[in-house]
Amino acid sequence: MSAAISVRNMFRYFGPLKAVDGVSFDIPHGSVCGFVGANGAGKTTTMRILATLDYPTMGSAEVCGFNVVNHPDKVRSLIGWMPDHFGNYEHMTVLEYLDFYARALGYKGEERRRRIEEVMNFADLGPLADRLSNKLSKGMTQRLCLGRVLIHDPQVLIMDEPAAGLDPRARVELKHLIRILAEEGKTIFISSHILSELGEMCDSLLFVNAGRIVHHGDAESLKLGSDATGGVYYDIQVDAKPESVSDWAILNPDIEIVESRKRGARIRIPTADPAQAAGLLSRMVRDGVRVVEFHREERNLEDAFIDILSQIEQDGMPASPPPLAQPQPGRDLSAPASAAPPPPFPPPPQAPPISPNPAVQHPDGGT
Ligand code: ATP
C-alpha cells in the first residue's frame, strides 16, 4: 500500500532562495510524524504544498497516492490542514463558525448538524458554542481550528505548529486530542519546536535544515544516539580514581572523554553498534579498569537535534539531489510557482462519526 504522504525530490524556490531543497520522505498510513527544524527551515512551505496551497517548483508530493498538483480536489477532501495562523471572523460565535464551514463543505440538514455536534464534542467546544470566535483564548482558538479541520473527517492531518503559544495545560489538552486522532488511525504530520512533546506522540521525527531533510527516524533511536547523531554516550563509574578511565582512554583513541566525573567519566563512542560497546567494556575490564557501572545514556531530543546539526557543520550538508524530476502534467513549470492560484475547494466526502453526543444545539434547527 502506498504511503499516506509521499514526497519525492521536491524543490520550492522563492527567487534564488531554496526554501525546500530536494526533499524526499514517506509517512506511512496511520502514523504520526513530527516535522522539526529551525525558523525558516522550510517546514511551512513543505506543508503548504502538501495542503495544495502552493506548488513545488520541481519534484512531486502525493497524499494517499494522489498528486497534490494534479488532483488538488481529491487531496483536499483527504486532508485536514491546520495552519500556524488562521483567519477568524468578527461577530461570529463558535457554533456559527463551524456551521459556516460545514455549509461551505456542502453538508446539509441533519448530516450537517451531526458533523458539527461531533466535532464540538470531540474538541470540547460545547461550553463555548455561544462565545464569539474571535474572543477566545489561544488554547480555545486552537481547539476551534481543530474542530473546523475535522468537519469532513479527513484521513490525514497536516498541523503547522499547533502548540505554538499555548500554555502548558492547553498543550496537554491538544496533545491528548492528537493522541485520540492517532488512535483512530489518522495519519498526522505535525510541526513543532517543542521537541520533547513531539517525541512523546510521534512514531517518527523528520528533521529539516535549510530546506533539506537531515534525519528521519524514531524518537527512541534519537534518544539513545546513533551513528547519524554522532555516536552514543556511556556513563562509566569506577571503583578507583576517575583518572583510571581517562588514562585508559588515551590508549583507546576511538573513545572520547566528554566529561570527567567524581567517580568515573562520561564518554562517547562513535557508533551505536552494541557489539562495540560490549568489546569496549571487556577491554576496560581486561586492562584492569575497575568498572562498577557502565550504562548507555538517554539524551533529550533537543540535544540529539543539536548533535545532528553540529555533525552537519563538521561534515557539510548532505548533497541535495539533482533537480531532475519531470515537470508534473497539468502545470507550466516555466511560470513562477506562486503565479498559479490553487483551484477551488472540493465537495465533502461522506464522514463517519467521531464521537456521538447529542448535546449540541444547531443555530437554525438543522435545515
Ligand atoms: P518557521 O518555523 O519560522 O515557521 P519554517 O521552517 O516554517 O519556519 P518556511 O516558512 O517554510 O520556514 O520558510 C522557508 C524559507 O522560505 C524562509 O527563508 C522564508 O523566508 C522563505 N519564504 C517562505 N515563503 C516565502 C514567500 N512566499 N516568498 C519568499 N520567501 C518565502
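This is a short talk on the sheets, cores and ligand site of one predicted model.

Hi everyone, and thanks for coming. A word on ground rules: because the model is predicted, local features need pLDDT of at least 70, side-chain atom pairs count only at pLDDT 80 or more, and totals for chains, interfaces and linings use all residues. Residues are numbered from 1 along each chain as its sequence is written, and side-chain values use heavy atoms, with hydrogens and water left out.

Let's start with the sheets. Helices (H or I, at least four residues) and strands (E, at least two) are DSSP runs, numbered from the N terminus, and two strands pair if DSSP finds at least two bridges between them. One open sheet has 4 strands, in the order β2-β1-β4-β5, with antiparallel pairing. At its edges stand β2 (17-27) and β5 (66-67); each has a single partner strand, so one side of each is left without a neighbour in the sheet. Strand β1, residues 5-14, is joined to β2 by 8 bridges, and M10 stands opposite V23 in β2. Helix α1, residues 43-50, lies across β1, β2 and β4 (58-63), at about 120 degrees to β1. For angles like that, axes are lines fitted to C-alpha atoms, for helices over the stretch in contact, and the angles run from 0 to 180 degrees between N-to-C directions; contact means heavy atoms within 4.5 Å.

Now the other open sheet: 6 strands, ordered β6-β7-β8-β3-β9-β10, with mixed pairing. Its edge strands are β6 (79-82) and β10, each pairing on one side only. From one strand to the next, the twist averages 15 degrees. Helix α11, residues 301-315, packs on this sheet and touches β3, β9 and β10, its direction making about 40 degrees with that of β9. Helix α6, residues 168-183, lies across β3 (32-36), β7 (156-160) and β8 (187-191), at about 150 degrees to β8.

I'd like to stay with β9 and β10 for a moment. They form a hairpin with 2 residues between them, and A210 in the turn has a positive phi of about 45 degrees. There are 5 bridges between β9 (204-209) and β10, which run antiparallel; L205 is opposite G217, and V208 has I213 as its bridge partner. So is β10 enclosed or open? Of its 6 residues, 212-217, 5 are buried (under 20% relative accessible area, 1.4 Å probe, protein chains only), so β10 is largely enclosed by the rest of the structure.

What links this hairpin region to β2? D21 sits in β2, and at 4% relative accessibility D21 counts as buried. Its side chain makes a polar contact (a pair of N or O atoms within 3.5 Å, one able to donate a hydrogen and the other to accept it) of 2.8 Å with that of R212. D21 and G211 are 190 residues apart in sequence, yet 4.8 Å apart in space, C-alpha to C-alpha.

On to the cores, meaning buried Ala, Val, Leu, Ile, Met, Phe, Trp, Tyr and Cys residues joined through side-chain atoms within 4.5 Å. The largest has 54 residues, and L98, L146, I190, L205 and F207 have the most contacts inside it. Apart from it lies another core of 31 residues, including V7, L50, I79 and F189.

Last, the ligand. Among the residues around it (a heavy atom within 4 Å) are F14, L17, K43 and H193. A ligand oxygen is 2.9 Å from a side-chain N or O atom of N39, and one is 2.7 Å from a polar backbone atom of G40. For A41, a backbone N or O atom lies 3.0 Å from a ligand oxygen. Thanks for listening!

Note on methods: Buried means under 20% relative accessible area, exposed over 50%, partly exposed in between (1.4 Å probe, protein chains only).
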